[in-house]
Each structure stands twice: as structure tokens, then as C-alpha cells.
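Here is a short tour for anyone who likes to read a fold piece by piece. Please keep the viewer open as you go along.

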Amino acid sequence: MPTWTLTSLLLPLRYTWKISRNASDAKTNLIVRVADAQGSGTGEAAPNIRYGETPESLQAEFEQLQAAGLSQCATLPELTDFLATHPPAHALRFALESAWVHWEASRQQQSVAQWLGLEPQPGRYPRP
């Protein structure tokens with residue numbers, strides 16, 4: 001079974017981020033990691049105060065998901081069903097699903113695009 005972890009990442013901002021709701025000089029995002037002996041994957045959760053998401057609330061939700069059996073999910077459909085039964089905040093759900101996709105791709109020794117069945121992209125595009 002996979003092991004899940006959640007780590008806070010403090011991101012100091014070069015300039016004060018100021019909008020009508022608030023202002024801040026730093027943001028705290030969360031890095032979700034899922035791993036087993038065959039590979040690992042990471043996803044990033046960027047809490048959005050507009051939706052009532054905070055680093056602390058996402059941490060609490062992650063702990064609840066852990067207690068509810070997150071690590072028992074062995075397939076993407078199982079993870080999808082689990083998250084439907086235990087719906088987390090949008091930012092955390094994205095991080096969990098992103099970590100899972102990256103993990104599955106690494107276990108198959110593929111890029112994420114290959115694992116998703118996407119066509120290879122051409123090289124870099126010239127800047128205008």
C-alpha cells in the first residue's frame with residue numbers, strides 16, 4: 001500500500017500580494033507525496049481563502065483522510081470513489097489526484113503525458 005505525506009512549503013513573495021479581500025507577503029502551499037517501493041508522485045495544494053481554505057484546514061482534512069483509509073486505495077477508481085465518499089477541499093483534492101497520477105506514471109516508468117495517453121508535444125515554442 002502507498003504511503004502519503006503532507007508537507008508545508010512557505011513561499012515568500014517578492015512583492016506584497018494585495019487584493020480586495022486581503023494582503024500577504026508570503027503564501028503557504030502544501031506538497032502531497034504518495035510513494036511505495038516502485039515510485040513516487042507529488043502534487044501541490046494552494047489554499048484559497050476565497051473558498052475558506054487555509055493551510056491548517058487542509059492539514060486537518062488530510063489527517064481525516066488518512067484516518068478514513070486513504071492509504072488503502074490501490075487504484076485510481078478506488079481513490080476516486082474514496083474522495084467522493086470523503087470529499088476534501090478543492091485544493092487538497094487536486095493535490096491528491098495530481099500526486100496519484102505522477103505516482104502511477106513513475107511506477108510505469110512513463111512521463112505523465114505518456115501515462116495519460118497524450119501525444120508527445122513538439123519542442124519549445126519560440127517566444128513572440
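The report below goes from the sheet to the helices and then to the largest pocket.

## The sheet

This is a predicted model, and a good place to begin is its open sheet of three strands. The strands follow the order 1-2-3 with antiparallel pairing. Strand 1 (3-18) and strand 3 (39-45) form the edges, each pairing on one side only. On average, neighbouring strands of this sheet are turned by 20° against each other, direction ignored.

Let us look at how strand 1 meets strand 2 (residues 23-36). The two run antiparallel and are joined by 12 bridges, and a hairpin leads from strand 1 to strand 2 through four residues. Two places are handy for finding your way along this pairing: Thr3 stands opposite Ala35 in strand 2, while Leu10 has Thr28 of strand 2 opposite.

## Helices on the sheet

Which strands does helix 1 touch as it packs on the sheet? Helix 1 (residues 55-68) touches strand 1, strand 2 and strand 3, and its direction makes about 170° with that of strand 1.

Helix 3 (residues 90-107) also has a place here: it lies across strand 1, strand 2 and strand 3. Relative to strand 3, helix 3 runs at about 160°.

## Helix 2 against helix 3

Now for a pair of helices. The axes of helix 2 (residues 76-85) and helix 3 come within 11 Å and cross at roughly 170°. Angles over 145 degrees count as roughly antiparallel, and helix 2 and helix 3 are therefore roughly antiparallel to each other.

Who meets whom in this contact? From helix 2 come Leu76, Leu79, Thr80, Leu83 and Ala84, and they meet Arg93, Leu96, Glu97 and Trp100 in helix 3. Sorted by class, the contact of helix 2 with helix 3 has six nonpolar, one polar and two charged residues.

## The largest pocket

Rolling a probe the size of a water molecule over the atoms shows where empty space is left. In this model, the largest pocket has a volume of about 290 Å³. Its lining is made of 15 residues, and those nearest the centre of the pocket are Asn22, Lys27, Pro47, Asn48 and Ile49.

Which strand gives the most to the lining of the largest pocket? That is strand 2, with five residues. What classes of residue does the lining of the largest pocket have? There are six nonpolar, six polar and three charged residues in that lining.

Technical notes
Residues numbered from 1 in each chain as written. Predicted model: local features only at pLDDT ≥ 70, side-chain atom pairs only at ≥ 80, totals over all residues. Heavy atoms only, no water. Pairing = 2+ DSSP bridges. Axes fitted to C-alpha atoms, helices over the stretch in contact; angles between N-to-C directions. Contact = heavy atoms within 4.5 Å. 1 Å grid on protein atoms, 1.4 Å probe; cavity = no way out; pocket = protein on both sides within 12 Å on 5 of 7 lines; lining within 4 Å. Points joined across faces, edges and corners; volume = space filled by probe spheres on them. Nonpolar A, V, L, I, M, F, W, Y, C, P; charged D, E, K, R; others polar. Parallel < 35°, antiparallel > 145°, perpendicular 65-115°, else oblique.
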